[in-house]
Amino acid sequence: MSTLVKASFVIGFDGDDHVVHRDACVVYDGDRIVFVGRSYDGPIDEVIDAGEAIVGPGFIDLDALADIDHAILDTWHADSRGLVWSQDYAVTRRRAVFPPEETLFMREYALTQLIRNGVTTAMPIAAETHSAWAESYEELAGVVEIAGRLGLRMYLGPSYRSGVPVVRADGTRDVHWEIALGAEGLADAVRFVRDFDGAFDGRIRGALLPCRIETVTLDLLRATAQAAGELGCPVRLHCMQGLTELRLLREWYGRHPLDVLAEAGLLGPRLLIPHALYLGDPDTPFEGSPDRLAALAGIVHCPLTMVRYGDALRDFDRYRAAGVNVALGTDSFPPDMIRNMDYGNNLAKLVTGRLDAGSAADYYRAATLGGARALGRDDLGRLAPGAKADLVVVGLSGPHTGPVDDPIRTLLMNCSGTDVDTVVIDGRVVMRDRVIPGVHEATMRSRAQTYFETMKAAYSARDHMRRDPAVLFPASFREVRGT
């Protein structure tokens with residue numbers, strides 16, 4: 001079945017870069033794009049007239065939130081020790097906060113949010129805080145079913161780790177190790193890739209997703225590198241994202257995280273590193289060149305999340321000039337890639353003092369072409385004949401949009417994910433007029449609120465001081481009840 005989508009702006013691809021077609025259309029037949037341009041004279045089965053809108057490639061989110069975000073609880077704390085596991089909880093009392101059916105509800109809720117924000121290809125991230133250790137094979141098998149039903153394109157695998165950050169009874173930080181659980185987690189992750197890679201007409205692909213580098217042993221990193229080579233799949237490892245990480249790796253190995261990755265055999269074209277902020281040692285964390293990162297599949301830059309935690313990439317243009325492939329991740333709620341690009345654009349100006357830093361065009365490239373390059377896919381992140389029919393319609397007719405100048409700068413400065421109207425993945429319309437078939441938004445939101453309240457209350461049992469949620473998470477203002 002052939003479908004023509006027309007709009008005031010179409011972001012095409014000329015073989016080298018994105019180009020803008022005014023008053024143009026995209027035609028796809030089945031799961032492939034067959035035409036991009038101003039006029040098409042072939043047979044058409046359906047026409048979608050988007051009107052005053054941008055039609056562009058779907059966004060690729062390689063650190064995509066796949067649970068209910070904790071950032072609303074922990075991005076404003078001067079002391080975050082109450083937000084991680086106590087050593088006592090890790091050793092004697094840990095448990096999964098939610099039964100499997102509730103965990104899968106949370107996953108479905110999160111995946112619908114990705115679609116609502118124009119994400120067509122996602123590699124998920126979820127906090128292990130509320131699990132008994134990390135993600136399970138069974139949990140991710142459930143995610144495969146959800147993603148397949150919703151139509152999302154995803155790179156999936158259960159997370160795994162050998163240790164967990166903890167707070168001792170005296171308030172000091174440590175890592176609690178259970179090495180066998182890391183090995184078991186990798187074995188399950190390998191089994192998952194073998195079982196599900198290529199599911200749902202190829203929209204589901206396998207990936208190895210170990211947790212943060214300071215929670216994974218060197219032996220497990222080596223085993224991950226070997227497994228990825230045998231499976232031919234990507235690896236994503238959160239790394240170079242905090243001073244505690246730098247200090248721990250210096251203490252354990254006497255080396256920078258990149259040297260640890262090199263020794264483990266991971267520093268190569270299969271590896272994705274979210275954040276990658278700290279190039280130097282703990283005393284001078286931002287000094288050094290990002291040139292070694294050019295050997296990777298890419299870094300996953302998450303500007304919106306990073307600024308919420310008081311940090312920023314220093315700087316976007318310097319990494320790109322060093323040959324680093326920069327992809328984007330939202331890593332927070334809402335998973336709004338448009339706001340994410342805008343924050344990145346503004347932060348690049350702030351850290352460099354240059355108004356031309358981190359251009360809107362380069363951030364749009366990162367959200368599309370950069371993600372595709374990181375995955376080794378030349379059929380994603382672009383609207384061109386032969387590419388996958390993954391596209392997003394962003395409306396420009398809302399009163400908040402204002403006058404439209406350059407469509408990409410207008411997109412970043414005046415729009416948000418709430419302006420995403422229609423999403424097509426693999427030639428299937430997965431959202432039309434902001435309606436996802438089979439999803440009752442109000443019911444899902446009500447259930448998500450209940451889930452969140454349970455999640456919030458569970459912090460008390462893990463806190464090293466067993467504080468009440470009202471103490472851990474005081475309100476911005478005193479709440480007055482009654483008349």
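Q: Welcome to this predicted model! How much of the protein chain counts as buried?
A: The protein chain of this predicted model has 483 residues. A residue counts as buried when its relative accessible area is under 20%. By that cut-off, the buried share of the protein chain is 57%.

Q: How does the radius of gyration of the protein chain sit beside the globule rule?
A: The chain holds 16 helices and 20 strands. For 483 residues the globule rule gives 23 Å, and the chain comes close to that, so it is as compact as a globular protein of that length. Its radius of gyration is 22 Å.

Q: What box do the C-alpha atoms of the protein chain fill?
A: The box is taken along the principal axes. Its dimensions are roughly 70 × 60 × 50 Å.

Q: Which helix gives the most to the largest nonpolar core?
A: The largest nonpolar core has 106 residues, and Leu111, Leu208, Leu293 and Met341 have the most contacts inside it. One helix, spanning residues 137-150, gives 7 residues to this core, the most of any. That helix is α4.

Q: How many residues are in the other core, which lies apart from the largest one?
A: This other core includes Val26, Ile33, Ala53 and Ala389. Its residue count is 17.

Q: Where does helix α12 bend?
A: Helix α12 covers residues 360-374 and reaches 20 Å from its first C-alpha to its last, close to the expected 21 Å. Even so, there is a bend of about 45° along α12. The residue at the bend is Ala366.

Q: Why is α12 described as largely enclosed by the rest of the structure?
A: Among its buried residues are Tyr363, Tyr364, Leu369 and Gly370. The bend residue Ala366 is buried too. Helix α12 is largely enclosed because its buried residues number 12 of the 15.

Q: Which residue with a positive phi follows α12?
A: After α12 comes a residue whose phi is near 70°. That residue is Gly376.

Q: Which strands stand at the edges of the open sheet β6-β10-β11?
A: This sheet has 3 strands with mixed pairing. Two of them have a single partner strand each, so one side of each is left without a neighbour in the sheet. These edge strands are β6 (85-86) and β11 (173-177).

Q: Which residue of β11 stands opposite Pro165?
A: Strand β10 (residues 163-167) and β11 run antiparallel and are joined by 5 bridges. Across this pairing, Pro165 faces a residue of β11. That residue is Val175.

Q: Which residues of β18 and β20 stand opposite Val423 of β19?
A: Strand β19 (residues 420-425) is largely enclosed by the rest of the structure, because 5 of its 6 residues are buried. It runs antiparallel to β18 (residues 391-395), with 4 bridges, and antiparallel to β20 (residues 428-431), with 3 bridges. On the β18 side Val423 stands opposite Val392, and on the β20 side opposite Met431.

Q: Which residue takes a positive phi in the hairpin of β19 and β20?
A: This hairpin has 2 residues between the strands. The phi in question is near 60°, and the residue is Asp426.

Q: How many disulfides does a search of the whole structure find?
A: A disulfide needs two cysteine sulfur atoms within 2.5 Å. For Cys239, the nearest cysteine sulfur is that of Cys211, 13 Å away, and for Cys302 it is that of Cys239, also 13 Å away. Cys239 is buried at 0% relative accessibility, and Cys302 is buried at 1%. The number of disulfides found is 0.

Definitions and conventions. Residues are numbered from 1 along each chain as its sequence is written. This is a predicted model: local features need pLDDT of at least 70, side-chain atom pairs count only at pLDDT 80 or more; totals for chains, interfaces and linings use all residues. Side-chain values use heavy atoms; hydrogens and water are left out. Buried means under 20% relative accessible area, exposed over 50%, partly exposed in between (1.4 Å probe, protein chains only). A nonpolar core is a set of buried Ala, Val, Leu, Ile, Met, Phe, Trp, Tyr and Cys residues joined through side-chain atoms within 4.5 Å. The expected span of a helix is 1.5 Å times one less than its number of residues. The bend at a residue is the angle between axes fitted to the seven residues ending there and the seven starting there. Two strands pair if DSSP finds at least two bridges between them. The radius of gyration is taken over C-alpha atoms; the globule rule is 2.2 Å times the number of residues to the power 0.38.
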